[in-house]
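Biologist: I have this one open in front of me and would like a close look at a single part. Pick the part you like, then walk me outward from there in one go.

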Amino acid sequence: MPAQDYIPIDQNWLGNAGKLWTTPWVDKPSDRVIVDPIILSHAATLFRKNAGYFYSNPDEAVRMVCAACELYDVTPVGHYLYADYWGADYGAEIKIQTNAPPGITNRPIKTAEDVDKFEVLSTEELVKGPTLATHYKALDTVKNEYPQMFAPITQLGGTMEVATNWASIEDVFMWMITEPELVDKLCIKAGDHMVNACRATAERYGANVMITGSVIASGDLMDREQIKRFSYQPVSRAVRKVLSAGAGPGVYYHLCGNHTDDFDLWKDAPMSPFTIVQIGYDGQKIFPTSKLVENFGDRCTCFGTVDTKLVDRGTPAQVYAQAKEQVLAGKDSPRGFILGTACECPTNAPPVNVHALVRAAKDFGKYEKF
Amino acid sequence: MDIKITEQVDNLLKDNGVRKEEILDIIKKAESSGQKLKSKDGNTCIAKGASENLTIYAVYSATELLDVYAHKMNILGITGGEIKPVEYDDASDWICAKCGEVALERNVDMSYLGVTRPGPGLVCAKCGEMYVSAGMAKSTLKTAEAILEEKRA
């Protein structure tokens, strides 16, 4: 649908949601905790569209996201991204899928020799590439049509996520065992790429929030030493460089998956004044917000989570109960708190479950610290 | 020390609202106390002077003022309370001239307009002196300060 087919965002709602969203970052008092269920292609289902449509039409995608934000009364920010960014810029093929985010089908690095020859694209080259062209089409739409919902981001993932968008995950994991130095090289290149990508967004919009962290590099696939070597250390180096290059100031550490064995490493990861940490799972269970706040609450803004499996396949009562527990444990975290989902809101999640998440924040997320 | 100030750096002084006498005084105090950062090749130093509202830095060689920058965010201390070993290479390119220790790249708590958050700092593990690099101050902190001024208003 073109822009004129959407009703304008309610300014009263937007003003209030903006206040709620500001609180976790700058401690300006407001009523309650804001919710960010990381709405992406889920917004399309509200318009009887699918994920394939969402990702094929970035301008329309963000209109749907912005409308969904108002509908659910959540963080008023128009986002557009998917996990497999950056492969296409280096020669990979991206496959648009009907019911899932885009996936990479043919990666550019196939052999160990390819790693040595692989050259990271400059900021100027990335700007002309397919990933940022699509990303900027979405962000420009938000900036022009929903300026108060505009917060420029760069989807990076961590070094292992970038590396496995360049080479197959099977090859990278095999090299971790047989030729770990090769993966070191790949992760260094991934880090350099992250700096150039963030610089591009910061130069275009004047500021940038980098989404980084550790998704593939989680406890279900790698041990602590591997996560430290191939994710935490190169990601930390890259974040330092990004901040030093003026390509911040926002840092969003998205630690998806199980981080029981490595979450403590990230307490000392480089942080800016606008840093948020989100951790998905503690073993097979949702990462307790009490543990998140205990370890990160005196450092940065905390993002407490509700299990995305529950949001996708649970009942509203189950979502509400878990959200209640998490929001009560986190709402007065010293440096701010946001309630959300462990990862992106599942595309086909029942809307009533997202509503249950928001209801819990309204019912139990009133601040006591102000 | 006889420090030359080029027209370009003089403009930087004006942009940062810093007087020549003020920056020369910061350098003089750093030279007499030894409280400064020194580049590994020994050719460049960073001195700082902190007032209630502004921390000013001078980057200089033996003969010339090379750069000036400042931040309004007030450094309070190490994020998390103490300097513990971290699991990545946190050695910076700078050495604490007083202690001879390599300055570490660590998060430091900073406060501005009543908000305290972490920021990227350079810290001497021995004497605990904390600095911010030019790159961080001119970009990350400048943007952060602008956002805080807008949102806390």
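Modeller: What follows starts with some helix packing and then moves outward to other places.

First, a bit of housekeeping. This is a predicted model, in which local features need pLDDT of at least 70 and side-chain atom pairs count only at pLDDT 80 or more, while totals for chains, interfaces and linings use all residues. Residues are numbered from 1 along each chain as its sequence is written, and chains are lettered from A and ligands numbered from 1 in the order in which they are written.

My pick is helix 10 of chain A, residues 180–205. Helices here are DSSP runs of H or I with at least four residues, strands are E runs of at least two, and both are numbered from the N terminus. Helix 10 of chain A packs against helix 11 of chain A at an angle of about 30°, and their axes are 9 Å apart. The axes are lines fitted to C-alpha atoms, for helices over the stretch in contact, and angles run from 0 to 180 degrees between N-to-C directions. That angle makes the two helices, 10 and 11 of chain A, roughly parallel; the bins are under 35 degrees for roughly parallel, over 145 for roughly antiparallel, 65 to 115 for roughly perpendicular, and oblique for the rest. The crossing of helix 10 of chain A with helix 11 of chain A is right-handed, a term for the near helix being turned clockwise from the far one by less than a right angle, with anticlockwise being left-handed.

Now the residues. On the helix 10 side of chain A, the contact is made by A:V183, A:C187, A:I188, A:A190, A:G191, A:M194, A:V195 and A:C198. Helix 11 of chain A answers with A:F230, A:P234, A:R237, A:A238, A:K241 and A:V242. "In contact" is when the C-beta atoms of two residues, placed from the backbone, lie within 7 Å. By class, this contact has 11 nonpolar, 1 polar and 2 charged residues. Nonpolar covers Ala, Val, Leu, Ile, Met, Phe, Trp, Tyr, Cys and Pro, charged covers Asp, Glu, Lys and Arg, and the others, Gly among them, go down as polar.

Helix 10 of chain A has another partner in helix 8 of chain A, residues 159–166, packing at about 105° with the axes 8 Å apart. That makes helix 8 of chain A roughly perpendicular to helix 10 of chain A. Here A:T159, A:M160, A:V162 and A:A163 from helix 8 of chain A meet A:L186, A:C187, A:A190, A:G191, A:H193 and A:M194 from helix 10 of chain A. The split is 7 nonpolar, 3 polar and no charged.

Follow helix 11 and you reach the other chain. In total, 30 residues of chain A are in contact with 25 residues of chain B. Helix 1 (11–26), helix 11 (224–244) and strand 7 (274–282) of chain A each give two or more residues to that side. Helix 11 of chain A gives the most, with 8 residues. The whole chain A side divides into 12 nonpolar, 8 polar and 10 charged.

Helix 1 of chain A also holds A:W21. With 20 C-beta neighbours inside 10 Å, A:W21 counts as buried; the cut-offs are 20 or more other C-beta atoms within 10 Å for buried, 12 or fewer for exposed, and partly exposed in between, with C-beta atoms placed from the backbone. Beyond its neighbours within four places in sequence, A:W21 is in contact with A:I34, A:T75 and A:P76.

A few backbone spots in chain A are worth clicking on. A:R48 has a positive phi of about 55° although it is not a glycine; it lies in the loop between helix 2 (42–45) and helix 3 (51–56) of chain A, and A:R48 is exposed, with 7 other C-beta atoms within 10 Å. A:D73, also not a glycine, has phi near 65° and is in the loop between helix 4 (58–72) and strand 2 (93–95) of chain A. With 19 other C-beta atoms within 10 Å, A:D73 is partly exposed. Then there is the cis peptide bond from A:G248 to A:P249, with omega near 10°, and A:P249 is in strand 6 (residues 249–258) of chain A.

Across the interface, chain B has 3 helices and 9 strands, running α-α-β-β-β-β-β-β-β-β-β-α from the N terminus. Of its 153 residues, 41% count as buried.
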